[in-house]
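User: I have a few questions about this model. Please keep the answers short.

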Amino acid sequence: MLAFLAKGLFRDRSRSLFPLLTCAIGVSLVVVLDAYQRGAMDGMFRVMSSFVTGHLRVTTRAYAKAGTDASNDLALLGVDSVLAGLRRDFPEVTWTPRTRFGGLVDVPDSTGNTRVQSPAAGLAVDLSEASPEREILRIEKSLVTGHLPSASGEVLLSDDFARRLGVRLGDKVTLVSSTMNGSIATWNFILCGTVRFGILAMDRGAMLCDIKEIQQALDMPDAADQILGFLPREQYDDKLATRLASEFNAAHPGENEYAPEMETMRTASGLGSMFSLLDWAAALILIIFIVAMSVVLWNAGLMGSLRRYGEIGVRLAIGESKGAVYRSLLAEAFLVGLVGSAIGTAIGLGFSFYLQEVGFNVAGMMRNATMVIGDVIRARIAPMSYIVGFLPGLIATFLGAAISGLGVYKRQTAMLAKELGS
Amino acid sequence: MENGVVVCTDKLVRKFHVGRTELVALKEVSLEFRRGEFAGLVGPSGSGKTTLLNIIGTLDTPTSGSATVLGERVESLSPVRAASLRSRHIGFIFQTFNLLPVYTAYENVEFPLLLLGLSSAERRRKVTDALEWVGLADRAKSRPTQLSGGESQRVAIARAVVKRPELVLADEPTANLDAENSHKILQTMVGLNRDLGTTFIFSTHDEKVIRYLRRKVSLVDGRVAEDRTLEPGEVRSQKLE
C-alpha cells in the first residue's frame with residue numbers, strides 16, 4: 001500500500017513537487033536569514049568590540065558615566081599598574097590600553113602655512129611588535145600603503161582621509177588637540193602609512209598612532225582612556241564577562257569617581273538592548289516561520305484536498321477507512337516535508353556558505369553611516385543552521401496536512417454516491 | 001444470509017432536514033434482493049433511488065426501519081465496520097467512472113485488493129483476470145486520460161468486481177456513454193452476473209439499462225410503486241463474447 005501511495009505521490013506533481021518547492025523555498029530562506037543575521041551580528045559585535053568597547057572595558061567611573069561625552073580629562077591614571085593588576089588577576093583575558101582623541105589635522109604647505117585642515121577621530125593603541133592590537137585591529141591586513149609606525153612621530157591615516165587631505169607618505173601632518181588638562185596641544189607627525197579597515201565610520205577620518213606617542217602629545221603620562229579586555233578566541237561570552245566584571249568591581253569598591261570600573265560589552269555603549277534583541281530574534285523568526293509556513297501549507301493542503309476530493313471519495317467508497325485515508329495524507333506530508341526541508345536546508349546552507357566566504361558589500365548603502373560597522377556583511381553557518389529551517393519546515397508541512405486533512409473526517413459518506421456520480 | 005437474500009429492507013425510512021423543512025426521501029421501503037439478481041431501481045430524479053443505493057452500500061443509515069446487507073444490520077454498523085464491509089463485499093460503479101487519474105488501469109483495478117492485503121502474486125492474477133473479463137487486458141498500462149469513456153467505465157467495472165464482491169451497486173453507469181458503449185458495458189455486466197453470480201443493483205432512469213434488467217423496482221416519491229420481475233422476452237441480455 002505504501003508503495004502504491006508513493007507511486008501516486010511521485011506522479012502527481014501538484015501533490016509532491018509543488019508542496020516540496022514551497023517547503024524548500026521557505027526553509028532555504030530561513031536558513032539564509034538565520035545565518036546572515038548571525039553573521040551580521042557577529043560582524044557588528046566583532047567590529048564594536050575591536051574598535052570600541054572590547055569584551056570588557058576598564059575606565060574611571062566618571063568616564064563610564066559620561067558615556068559618549070567622555071573626554072580625556074577623565075582618563076585612567078597609573079595605567080601600567082592597573083594593567084599589571086588586570087593581567088595578574090585575569091590572565092585568560094587579553095588586556096590592552098587605548099586612548100581616543102579628537103582634533104584637527106593640519107597639513108602645511110611648503111612655506112609652513114596651512115594648506116588644508118580637517119577634523120579627525122584619533123585612536124591611540126599599543127603598536128609595539130608584541131602588541132595584541134596588531135591582531136585585534138587587523139592593522140597589518142588593513143594597511144593600504146606604507147608601514148606601521150616604527151619610529152617616534154609616525155602616524156597612520158585612513159586611506160580615504162589621506163587622499164582627501166592630499167597627503168603622501170613622508171608628509172608632515174600636525175594634530176591640533178587639547179591635553180588631558182585642557183590646554184591646547186599641537187604635535188607633528190610624519191605620515192608613514194594609510195589604512196582601510198572596511199568600517200565606514202573609521203575610514204572617513206581616522207588617525208592611528210602609538211599610545212606612547214599620544215601620551216606625550218596630549219600630556220597624559222601613564223594615562224589612557226580605557227583598558228580593553230578580549231576574551232579567548234575573540235568570542236564574547238556574556239556570562240563570563242559579567243562574572244569577571246563583578247569580581248573586579250567588588251575588589252574596587254568606594255565612591256571615588258576616578259577609581260577604575262569594569263563594564264561588559266553588553267553594558268558598555270548601550271549594547272544591552274541589542275543583546276536582548278538577539279536573544280529573542282532567533283525564536284521570533286522560528287515562530288513567524290512556523291506560523292506563516294503552516295498557514296501557507298495548510299492552505300496548500302486545503303487546495304490539495306479540494307483537488308483530490310474525488311479521489312478521496314472513491315477511496316472511502318471502495319472501503320478505505322477515514323483513518324487510513326487521513327494517515328496516508330499525513331505520511332505523504334511527512335515525506336514531502338522531510339525531502340523539502342532537506343533540500344531547502346541544503347540550498348540555504350549553500351547560499352549561506354557563499355555569503356560566509358564572499359560576504360555582501362553594503363558600503364554603497366552606508367556612505368553616511370555613523371555606526372561602527374563593517375562594509376562587508378558575512379553570514380555565519382553554525383550548528384543551529386542545520387535545524388533552524390529543517391525542523392519548522394517538517395513540522396509546518398505535517399501540521400498543515402494534519403489540519404487540512406481533518407476535512408476527511410467531516411466528509412459525509414452518505415453523500416459519496418451523489419458526489420461521485422455528479 | 002437466509003435463502004440467498006443479499007439485501008433486505010424493512011419499512012425503511014430516510015428523512016433529511018433542509019433548514020426547517022423535513023424531506024422524506026424513502027417512505028417505508030421494504031424490498032429483498034437475492035444472490036445473482038440483476039435488478040434496477042428505476043424512477044425520476046428525487047424518487048429516492050440514490051438514497052436507497054447509499055443505504056444498501058452502507059454509505060448511509062436509515063432514519064427508521066431496518067436494512068440488512070449481507071447479514072449486517074446497516075443501522076448499527078460502525079464506520080470502520082461499514083468500510084470493511086464495503087472493501088470486502090461491495091463494489092461500486094459510478095456515473096463518472098471516478099478512476100484515480102495518476103494510476104494506470106492496472107493500478108486502479110489493483111487498489112481494492114491492496115485494501116484487502118492480498119499478496120503481490122495474488123493481486124496480479126486477480127487484476128489480470130478482471131481486465132480480461134472486461135476486455136481491456138491490452139490497456140493495463142494506460143492512464144485514465146488515455147482511455148475512452150467506454151474503456152474507462154469498463155476499468156471501473158473491473159475495479160468493482162476484481163475482489164469478487166457479492167454485491168455491485170451501479171449508480172447511473174451509462175449516463176456518460178453513447179449507445180454503443182452503453183450496450184457493451186451492460187453486456188459486460190450481464191456476463192459477469194451470469195459467470196460470477198454477482199448481484200447487480202442499478203440506480204437508473206436510462207431506458208438502455210432498463211431493457212437489460214431482470215427485475216425492475218420503480219420508485220416514486222420515495223415509495224415502491226412497482227416491483228416487477230421482467231419476462232425473459234423483455235430482457236435483451238446476451239452472452240458475454
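Analyst: First, a term: two strands pair if DSSP finds at least two bridges between them. Note too that this is a predicted model.

User: Which residue is the bridge partner of A:Gly122 in E9(A)?

Analyst: Strand E4 of chain A covers residues 114-125. E4(A) and E9(A), residues 206-210, run parallel and are joined by five bridges. In E9(A), the partner of A:Gly122 is A:Met207.

User: In which sense do E3(A) and E4(A) pair, and which residue in the turn has a positive phi?

Analyst: Eleven bridges link E3(A), residues 94-108, to E4(A) in the antiparallel sense. One of the pairs puts A:Val105 with A:Ser118. The two strands form a hairpin with five residues between them. The turn residue with a positive phi, about 95 degrees, is A:Gly112.

User: Which strands lie at the edges of the six-stranded sheet in chain B?

Analyst: The order is E6-E7-E8-E3-E9-E10, an open sheet with mixed pairing. An edge strand here pairs on one side only; these are E6(B), 90-93, and E10(B), 223-229.

User: What stands opposite B:Phe92 in E7(B)?

Analyst: E6(B) pairs with E7(B), residues 167-171, in the parallel sense over four bridges. Opposite B:Phe92 stands B:Leu169.

User: How many residues of H1(B) are buried?

Analyst: Buried means under 20% relative accessible area. Helix H1(B) spans residues 49-56 and is mostly covered. Among its buried residues are B:Lys49, B:Leu52 and B:Ile56. The count is eight of eight.

User: What phi does B:Thr58 take?

Analyst: B:Thr58 comes just after H1(B). Its phi is positive, at about 60 degrees.

Methods. Residues are numbered from 1 along each chain as its sequence is written. Chains are lettered from A and ligands numbered from 1 in the order in which they are written. This is a predicted model: local features need pLDDT of at least 70, side-chain atom pairs count only at pLDDT 80 or more; totals for chains, interfaces and linings use all residues. Side-chain values use heavy atoms; hydrogens and water are left out. Buried means under 20% relative accessible area, exposed over 50%, partly exposed in between (1.4 Å probe, protein chains only).
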